[in-house]
Amino acid sequence: MTTVTAASPIGSAAAAAPVVKPPVIRKGLPGRLLATYFGTPLNAAITLACIAFLAWLLPPILRWVVLDATWSGTAQDCRANGGACWAFVREKFWFSVFGLYPFEQRWRPATVMGIFAAMVAVSTMRRFWSPKLFLAWALALALMLVLMLGGVAGLTYVPTRLWGGWPVTIWIAVFGLAVAYPIAVLLALGRRSQLPVVKGFCVAWIELIRGVPLISLLFMAAIIVPLFMPEGMTIDRLLRAQIGFILFAAAYMAEVIRGGLQAIPKGQYEAADALGLGYWAKMRLVVLPQALKITIPSQVNTFIGLFKDTTLVLVIGIFDFFTTLRSALGDANWLGFATEAYVYAAFVYFVCCYGMSLYSQRLERELTPERRR
């Protein structure tokens, strides 16, 4: 008697299934680079095209920037060499830093920039994060203002029309963002408020300010505001520009923070209510820390944009770093070197903005270790 055994369908399917080879995993940095840039024919073609483009583009740039460049000398030397005239940047460097600030008093803005650098260095260290740091910043900003303005403690008074260069850019950006940030938090909370009057005021502020460009606010601060002042009363031009910048920054930051508030799960609000926390305690201890943490990339992106927008104060005659550098191009002895000036300005702004970006990435990794990939 012959026994016939039926073939298992599972076994047949397994036997008929094609054998899939596991992907080749290349270890080490060279292997990863090879897999990334030459892993497929398309990637290899794109990589080779990029290499060819850079081989065509970089040599003339390198020649202009370094090999044929003039690092010291006169404008005639620069024109004779034909390369970049970094001698112009060297000649106008301190003017781009301090502007028209009196030469014998330049130690004061230099001290201001030193104080600012020290405060930024301390603020990047989380172990110093406490209410005392806010007090330290308030005292530092007050000291910076006294040093720049003078008129007290035996310091010569220097009007703001003589300010220029980096101290003006630092003052507008740092003081403006420092004042605008708490206003932005209140506006974001107010826009989500259940009180119609509070919500209506915050919505009107945010939408009105965001609906017009910054340059229009600066023009209004410089031209329209003095018309409403009593006769004989004036407000400093730099202060007016500062107020316009604060209003603009607060409106944009408020929308970023509101997005963070909306991203917090409803359960967090309910859990805070279950603990018996009042509104302000709930926001301060539960909601805002999470909302501000998850919006770090958006906040820094807004900071970078506002930092670069400080160059718009040139339209009302305030000499920030970029405007001061542009005014240096009017020197009859150094005509024709605008490219070098703009490359120098772009490099400075890139370093500052890229530094903020790197710090924000580090801060995000430290505050949200659960999101690391």
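A polar contact is a pair of N or O atoms within 3.5 Å; within protein, one of the two must be able to donate a hydrogen and the other to accept it. This notion recurs below, where several side chains of this predicted model are described.

The account opens with Y181, a residue of helix α8, which covers residues 166–191. A polar contact of 2.6 Å links the side chain of Y181 to that of Q299. Q299 is also one of the residues that Y181 touches once those up to four places away in sequence are set aside; the others are M253, L292 and F303. Is Y181 buried, exposed or partly exposed? Its relative accessible area is 23%, and the partly exposed class lies between 20% and 50%, so Y181 is partly exposed. A further relation concerns F248: the two residues stand 67 places apart in sequence, while their C-alpha atoms are 11 Å apart in space.

Two of the partners of Y181, L292 and Q299, reappear where helix α13 packs on α14. Helix α13 comprises residues 279–294, and its axis lies 4 Å from that of α14, at an angle of about 60°. On the side of α13, the contact is formed by L292, K293 and I294; on the side of α14, by I296, P297 and Q299. Sorted by class, the residues of this contact are four nonpolar, one polar and one charged.

F248, mentioned above in relation to Y181, takes part in another helix packing. Which residues bring α9 and α11 together? From α9 come W205, I206, I209 and R210, and these meet L247, F248, A251, Y252, A254 and E255 of α11. By class, eight of the residues in this contact are nonpolar, none is polar and two are charged. Helix α9 spans residues 196–210 and helix α11 residues 237–263; their axes are 9 Å apart and form an angle of about 110°. Angles of 65 to 115 degrees count as roughly perpendicular, and α9 and α11 are therefore roughly perpendicular to each other. The crossing of α9 past α11 is left-handed.

Helix α11 also holds I243. With a relative accessible area of 41%, I243 is partly exposed. Between I243 and Y359 there is a separation of 116 residues in sequence and of 28 Å in space, from C-alpha to C-alpha.

The remaining residues lie in loops. T311 is found in the loop that connects α14 (296–309) with α15 (321–328). A polar atom of the T311 side chain lies 2.9 Å from the backbone oxygen of K308. Leaving aside residues up to four places away in sequence, T311 touches D320, F322, T323 and Y349. Buried means under 20% relative accessible area; T311, at 17%, therefore counts as buried.

T70 belongs to the loop between α3 (41–67) and α4 (75–81). What does the side chain of T70 make a polar contact with? The partner is the side chain of N81, at 2.6 Å. N81 is also among the residues that T70 touches beyond four places in sequence, together with D77, C78, A84, C85, W86 and A87. The relative accessibility of T70 is 4%, so this residue counts as buried.

Methods. Residues are numbered from 1 along each chain as its sequence is written. This is a predicted model: local features need pLDDT of at least 70, side-chain atom pairs count only at pLDDT 80 or more; totals for chains, interfaces and linings use all residues. Side-chain values use heavy atoms; hydrogens and water are left out. Helices (H or I, at least four residues) and strands (E, at least two) are DSSP runs, numbered from the N terminus. Buried means under 20% relative accessible area, exposed over 50%, partly exposed in between (1.4 Å probe, protein chains only). Contact means heavy atoms within 4.5 Å. Axes are lines fitted to C-alpha atoms, for helices over the stretch in contact, and angles run from 0 to 180 degrees between N-to-C directions. Angles under 35 degrees count as roughly parallel, over 145 as roughly antiparallel, 65 to 115 as roughly perpendicular and the rest as oblique. A crossing is left-handed if the near helix is turned anticlockwise from the far one by less than a right angle, and right-handed if clockwise. Ala, Val, Leu, Ile, Met, Phe, Trp, Tyr, Cys and Pro count as nonpolar, Asp, Glu, Lys and Arg as charged, and the others, Gly among them, as polar.
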